[in-house]
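Please open the structure in your viewer and keep the selection tool at hand. The tour below proceeds one selection at a time.

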Amino acid sequence: MMKLCPHPGCRTLVNGGGRCPKHKARGRKNRSGDPFYKRKAWLELRRYRLKTEPLCRACAREGRTRAAEVVDHVKPRADRPDLELDYENTQSLCASCHNAKTMSEMQRQWAS
């Protein structure tokens, strides 16, 4: 079955799903392989953020109550590596809100 490549804005049809050859290599990075996310300093900051902000910040702005699962960098590490361990540059998000935010950031990056 032919489907559109899931890369934002790509109109290439691919057989059986997945990305087209042009975007296959640009797939989402596996963050679990990033040593930063295994560092003691990050794990402690993450644990503290989820303890002090257990609900998703984005959902709360929309009047919803949902448990946070992810600690997100408000300003992405790629843009501001100097803020990667700054508590004020983190926020608690549910997986759905984090994925939407990440996709929006990726679309802006690819558009430029």
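Two strands are said to pair if DSSP finds at least two bridges between them. The model shown here is a predicted one.

**First stop: strands β3 and β4.** Select residues 70-73, which form strand β3, together with residues 90-93, which form strand β4. These strands, β3 and β4, pair in the antiparallel sense over four bridges. Within this pairing, Val70 stands opposite Leu93 in β4. Strand β4 is covered on both faces: Thr90 and Ser92 are buried on one side, and Gln91 and Leu93 are buried on the other.

**Second stop: Val70.** Now select Val70 alone, in strand β3. Is Val70 buried or partly exposed? Val70 counts as partly exposed, because its relative accessibility is 21% and buried means under 20%. Beyond its neighbours within four places in sequence, Val70 is in contact with Leu50, Gln91, Ser92, Leu93, Ala95 and His98.

**Third stop: Arg49.** Move next to helix α2, residues 40-52, where Arg49 lies. Arg49 is buried, with a relative accessible area of 6%. Which residues is Arg49 in contact with, leaving aside its neighbours within four places in sequence? They are Arg57, Val71, Tyr87, Thr90, Gln91 and Ser92.

**Last stop: a surface patch.** Finally, select Met2, Leu4 and Leu13, which make a nonpolar surface patch of about 290 Å². Leu13 has its place in strand β2, residues 13-15. To relate this patch to the second stop, display the C-alpha atoms of Met2 and Val70: they are separated by 34 Å, and the two residues are 68 residues apart along the chain.

Notes
Residues numbered from 1 in each chain as written. Predicted model: local features only at pLDDT ≥ 70, side-chain atom pairs only at ≥ 80, totals over all residues. Heavy atoms only, no water. Helix = DSSP H or I, 4+ residues; strand = E, 2+ residues; numbered from the N terminus. Buried < 20%, exposed > 50% of the residue type's maximum accessible area, 1.4 Å probe, protein only. Contact = heavy atoms within 4.5 Å. Patch = residues over 30% accessible without salt bridge, like charges linked within 9 Å, V, L, I, M, F, W, Y side chains within 5 Å. Areas by Shrake-Rupley, 256 points an atom, 1.4 Å probe, with all protein chains shown as cover. Salt bridge = Lys/Arg side-chain N within 4 Å of Asp/Glu carboxyl O.
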